[in-house]
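Work through the following exercises with the sequence and the structure side by side, and try each task before reading its solution.

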Amino acid sequence: MDYPGSVEAEVHVTGRVQGVGFRPFIYRLAVRYGLRGYVINLGDAGVEVVVEGLEENVDFFVKSIQVEAPPVSEITEIHSTYRPYRNRFKEFVIDKSRNGKQAASGIFPPDIGICPKCLMDMEDPYGRWFEYPFTACAWCGPRFTGVRSLPYDRERTHMDAFPLCKACEGEYKNPLNRRFDAQGVTCSRCGPRMSLHDASGEEIRTRDVFVQAARLLNEGSIVAVKGIGGFHLAALATNDGSVAKLRARKNRPYQPFALMAPDLAAVKSFATPDVFESRALTSWQKPIVLLKTRGRIVSDLVAPGLSRVGVMLPYSGIQVMLFKRIKAPALIMTSGNKAGLPMTITNEAALSDLRGVTDYFLFHNRKIVNRCDDSLMRINDGQVAFIRRSRGYMPDPVEIPLKKGISFAVGTEQSNAAAIILDGRCYQTQYLGDTINLETLDYEKSALYGMRDLLNITRNPDVIACDQHLGYMTSQLAEVISQETGSQIIKSQHHHAHTVSVCAENGVKPDESVVGITLDGAGYGSDGAIWGGEVLLSTYFSFKRVGQLEYLPMPGGDLCALYPYRMLISGLTNVFSDDEIRDITQNHIREALPYGHRELDVVLKQSRDMNVLRTSSSGRFLDSVASLLGLTYMRTYEGEPAMRLESLAEFGDANQINYEPEITYNNKKYELKTQNMLKYLIKNKNILKKEDIAAFVQKYLAIGISNIAINVAKAEGIRTVSLSGGVLVNKSILLEITHNIKKQELRIILNNKTPFGDGGIALGQSCIALASVI
Ligand SMILES: [Zn+2]
Ligand SMILES: [Zn+2]
């Protein structure tokens, strides 16, 4: 038979097209345009479609793929070839994958926030999903958190405990239905259930657990809510009493709590998201975004002393149901865990971990297979700065320039994540917290091996990567993995790894030199000192330290991070006599150091000791200024002094203080000096505004360190400057450096796919290690 105007076409689509309802979407499009043929999953190579029919319809079909693709899919490339019509097909079919294992590599989607269609289903009083909190479809719902192994089929997920009812099964098998082949499909007849329990675990019988839970929250109670990736502690954010109670019970005096608001309008009642922030908030990933606050709608106790608060929107039906009954614009939604341990994920553990903290438990009977914290980010002029990259983003890989080989990296210690490189892609694990005890070390190992299994890696890695610091528990983990796999360990310097993480994210080739600025709290230096304000000349293979913040003594070592006044005193010892320092500090010393004057004498002596540990940490430097301004005398959470300094600086004008960065050049290394500048500030303290000092000091650091980088780049003929390190989450420091470097027509690259802080370091470690063995 001859069909005039008919053609056959083969279409290849690559990108995120697996696990997001892409093949049924193609099926529906083909049916709409009367085309015949098939769609097949090619695993890593994307999706292949072959259609035949009228050329005009084939054209429409191809265009519609791009325009109408499911919201969570991401099309990297569509390639279509037309050929003569052969009348080969009777209908359009979804072919099963050619190879069951193909779904394993690089294509497993992250957890997806509940979609608008499922939200509509939850509103329909006649439907099976009316107010049903586990409503999901092919485009939304848990993925990573619910999967035990691949391929991604229902029997290998947490949904295997809930056999489908007839109605659900019909939809699951119907390619024209939105729930076709969606492993999370369920309904109020066949799916998981919620239950409410009192503090002792006794179930509270009630007709509607959400009505009851919301009533308890409205009355000021704390409720532990089991969610998608773990437990949250929920409390009314508008009520000082609730927030104070939660702070007291968690023994967490100042660390900011994350908030959840029902919608963007509610967010805008207490914060001022710009267009980029609003877009991130409403994205399917639903991260926590740090937003500038306004007014006093939420309690001041939510984020004491800070101008920003972390906010997210509901991403599960459970959260949507709670907010239906809560009339406040925000709830605190902070991770539920035992201090120092990972987030709680089972009902049984919650009863013991959260005992004494929560008043009630809102449980469900669906298992959380993989723990996954909420992601946390800040957006500076449209640029994403991850603080925690987890739910919604992992296990999405980062493409890197090393196209061959496997490496495992364990990261460092704080806000840690591990990483695996497999053939040109880096897969970071979920956020692991601080890897500083056996429990968190176990968690890291299982997360790393879990990722290995999800990636279907069966051979041993070519190399294992860790930090040079012998004292890190993660270095011991590297040893254990090395023994289990027989693979060698390659250690890297902390700030070199930061720099290479930026290079890898941005496609810089392994042997290309960059000038790397790294500003952070602490990393073990090659000379045994604590580094953290560094300019490196770096490739993947090696680095040279060409600039630094000047060394200051760390009297009492780690105590300096806890009591920033120690660093302030240390910064004064070269420019003032002991008596002058006693004078300068005398009104504050009782508050600033636990043992007051007696401790001051010890600190002075330690600071003048030639053998005391030294640091070039920019974090410690900012901390010391925060304590000079009386913002924090004792750090109660990571980054607190510098965060308070930044919040104060927002009200100041750096240009009110004229003091050029003092930079020296000796032995082929630049140093940014800080002690004379501190002396100047102290001498003029009475005529300077605190806000201006705060703004000025940030600018001094930014301009000083970037001037060093510019000098090095010019001298070496290098075009690219990289930025990394946790301090760069600070917007004004980041933008000041960026602006200064761009003026010189240099290219600037930074972390925006992985965290600036140590949560992104495993990427750099694993690239350094792999580059050295392949
Ligand atoms: Zn949905
Ligand atoms: Zn059902």
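A residue counts as buried when its relative accessible area is under 20%, and as exposed when that area is over 50%. Please keep in mind that the model is predicted.

**Exercise 1.** Determine how many residues of strand β10 are buried, and find the strands with which β10 pairs.

*Solution.* Begin with the extent of the strand: β10 covers residues 288-292, and four of its five residues are buried, so that by the cut-off of under 20% the strand is mostly covered. Next, look at one neighbour, strand β14 (residues 376-380), which runs parallel to β10 and is joined to it by two bridges; in this pairing V289 faces M377 of β14. Then turn to strand β11 (residues 308-312), which pairs with β10 in the antiparallel sense over four bridges, with V309 in β11 as the bridge partner of L291.

**Exercise 2.** Place these strands in the whole sheet, and state which strands form its edges.

*Solution.* Write down the order first: the open sheet has 10 strands, arranged as β6-β13-β7-β8-β12-β9-β11-β10-β14-β15, with mixed pairing. The edge strands are β6 (194-198) and β15 (383-388), each of which pairs on one side only. For β6, the partner is strand β13 (residues 360-364), which runs antiparallel to it and is joined to it by five bridges, and here H197 stands opposite F361 of β13.

**Exercise 3.** Describe how helices α5 and α6 lie on the sheet.

*Solution.* Take helix α5 (residues 209-218) first: it lies across β6, β7 (223-226), β8 (231-236), β12 (331-335) and β13, and its direction is at about 40° to β6. Helix α6 (residues 240-250) also packs on the sheet, where it touches β8 and β12, and its direction makes about 140° with that of β8.

**Exercise 4.** Identify the protein donors of the zinc ion (ligand 2), and decide what geometry the site has.

*Solution.* First list the donors, which are the SG atoms of C165, C168, C187 and C190, at 2.2 to 2.4 Å from the ion. Now examine the angles among the four donor atoms, which are 102 to 118°; because four donors count as tetrahedral if all angles lie between 85 and 135 degrees, the site is tetrahedral. Along the chain, the donors follow the spacing C-x2-C-x18-C-x2-C. Finally, consider the pair C168 and C190, which links distant parts of the chain 22 residues apart, with C168 in helix α4 (residues 166-172) and C190 in the loop between α4 and β6. Both C168 and C190 are buried.

Key:
Residues numbered from 1 in each chain as written. Chains lettered and ligands numbered in written order. Predicted model: local features only at pLDDT ≥ 70, side-chain atom pairs only at ≥ 80, totals over all residues. Heavy atoms only, no water. Pairing = 2+ DSSP bridges. Contact = heavy atoms within 4.5 Å. Axes fitted to C-alpha atoms, helices over the stretch in contact; angles between N-to-C directions. Donors = N, O, S within 2.8 Å, 3.2 Å for Na, K, Ca; no water. Tetrahedral: all angles 85-135°; square planar, octahedral: opposite > 155°, others 65-115°. Buried < 20%, exposed > 50% of the residue type's maximum accessible area, 1.4 Å probe, protein only.
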